[in-house]
Amino acid sequence: MSNAPLIYLNGVSKAYGNNVVIKHADIMIPKSGFAFLLGSTGAGKSTLLKMITGEIKPTRGQVYIKGQDITKWSKSQKAAWRRKIGYVFQEDRLLDYKTVFENVALPLEIQELSRKKIKEKVNAILRVIGLGNRSRAYPHQLSGGERQRVSLARALVANPELILADEPTAQLDPPTAAEIFNLLVSLNRTGRITILMATHEWELVEKTNLPAYFIKDGSVRFWEGIR
């Protein structure tokens with residue numbers, strides 16, 4: 001289904017025993033779209049993200065990726081899908097003993113690309129995110145915003161179809177958080193990368209007209225600006 005949305009959750013519920021975390025969620029994100037997943041800490045945002053990656057199977061409902069039900073995929077099919085996803089987390093998860101270049105190169109080394117190709121790709125993405133002159137620096141030499149940019153570069157370097165950003169601005173001051181968010185929006189618009197950003201920062205979402213899904217007490221609804 002070439003015209004299918006990249007992600008479509010159809011009546012998805014997830015329960016752990018008697019604890020229902022997600023109730024009948026319907027979420028649709030088109031290819032090259034940008035959407036927010038809103039909710040307080042512990043609301044179930046990470047659970048939804050893990051169902052999209054295939055790490056967690058829903059108790060009920062279907063998770064469609066490009067028109068295919070991921071819950072019916074084999075382990076190898078799910079692994080192949082995860083390789084097309086770039087992850088950005090609340091913690092930057094950089095390796096302190098590696099330089100900026102080496103941290104960003106990690107996904108490409110896993111793919112066993114040539115050193116020449118790795119150098120080309122890493123330097124190109126560092127220029128895109130504004131850290132072209134920091135490739136030899138170590139994480140402890142960077143500001144919080146720069147570290148998160150490196151994390152974003154690592155997520156982007158392998159040309160993913162989807163970026164899952166799980167609270168990527170939570171530990172940043174407001175100006176730096178806005179800077180990272182604006183960079184994500186720019187990458188979505190210019191690189192046409194699909195982005196789903198989980199956050200509890202209402203103020204950030206209210207400044208945009210981007211679609212958002214709000215989780216409260218397990219229920220997921222399309223957010224229309226009313227808390």
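In the predicted model, Glu146 is partly exposed, with a relative accessible area of 21%, and forms a salt bridge with Arg134 in which the closest N and O atoms are 3.8 Å apart. Arg134, with a relative accessible area of 25%, is likewise partly exposed. The two residues belong to distant parts of the chain, Glu146 to helix α5 and Arg134 to the loop between α4 (115-128) and α5, with 12 residues separating them in sequence. Helix α5 also contributes Arg149 to a salt bridge with Glu179, for which the closest N and O atoms are 3.0 Å apart. Because Glu179 is located in helix α6 (residues 174-191) and Arg149 in helix α5, this pair ties together parts that are 30 residues apart in sequence. Arg149 is buried, at a relative accessible area of 15%, whereas its partner Glu179 is partly exposed, at 35%.

These interactions are among the 10 salt bridges found by a search of the whole structure. A further salt bridge is formed between the side chains of Lys84 and Glu161, at an N to O distance of 3.8 Å. This pair links distant parts of the chain, 77 residues apart, since Lys84 is situated in the loop between α2 (75-82) and β6 (85-88) and Glu161 in the loop between α5 (144-156) and β7. Both ends of the bridge are partly accessible: Lys84 counts as partly exposed at 37% relative accessibility, and Glu161 counts as partly exposed at 23%. Lys84 and Glu161 are, in addition, joined with Lys66 in a network of salt bridges.

A contrasting case is provided by Asp166, a residue of strand β7 (residues 162-166). Asp166 is buried yet takes part in no salt bridge, and the nearest side chain of opposite charge, that of Lys45, is 6.1 Å away. Since a salt bridge requires a side-chain nitrogen of Lys or Arg within 4 Å of a carboxyl oxygen, the separation of 6.1 Å between Asp166 and Lys45 does not meet the criterion. When neighbours within four places in sequence are left aside, the residues in contact with Asp166 are Ser46, Leu49, Val88, Phe89, Gln90 and Ala198.

Lys66, already noted as a member of the salt-bridge network, also occupies a turn between two strands: β4 and β5 form a hairpin with two residues between them, and Lys66 in this turn has a positive phi of about 50 degrees. Strand β4 (residues 60-65) is joined by five bridges to strand β1 (residues 7-16), the two running antiparallel, and in this pairing Tyr8 stands opposite Tyr64. With strand β5 (residues 68-69), β4 pairs in the antiparallel sense over two bridges, and here Tyr64 stands opposite Asp69. Tyr64 of β4 is thus placed opposite Tyr8 and also opposite Asp69 in β5. A second hairpin is formed by β9 and β10, again with two residues between the strands, and Asp217 in its turn has a positive phi of about 55 degrees. Four bridges join β9 (residues 212-216) to β10 (residues 219-222) in an antiparallel arrangement, within which Phe214 has Arg221 in β10 as its bridge partner.

The largest nonpolar core comprises 41 residues, of which Phe34, Phe36, Val104, Val122, Leu126, Phe181 and Met197 touch the most other members. A second, separate core of 30 residues includes Leu9, Val21, Leu162 and Tyr213. Beyond its neighbours within four places in sequence, Phe36 is in contact with a set of residues including Phe181, Leu196, Met197, Val205, Leu210, Pro211 and Tyr213.

Six aromatic pairs are found in a search of the whole structure. Phe34 and Phe36 form one that is tilted, with 5.5 Å from centre to centre and 55 degrees between the planes, and both of these residues are buried. Phe34 and Phe181 form an aromatic pair that is edge-to-face, with a centre-to-centre distance of 6.0 Å and 80 degrees between the planes. As Phe34 lies in strand β3 (residues 34-38) and Phe181 in helix α6, the latter pair ties together parts that are 147 residues apart in sequence. Phe181 is buried, as is Phe34, and Phe34, Phe36 and Phe181 together form one aromatic cluster.

Notes
Residues numbered from 1 in each chain as written. Predicted model: local features only at pLDDT ≥ 70, side-chain atom pairs only at ≥ 80, totals over all residues. Heavy atoms only, no water. Buried < 20%, exposed > 50% of the residue type's maximum accessible area, 1.4 Å probe, protein only. Lys, Arg positive; Asp, Glu negative; His and termini not counted. Contact = heavy atoms within 4.5 Å. Pairing = 2+ DSSP bridges. Core = buried A, V, L, I, M, F, W, Y, C linked by side-chain atoms within 4.5 Å. Phe/Tyr/Trp six-rings, centres within 6.5 Å; stacked < 30°, edge-to-face > 60°.
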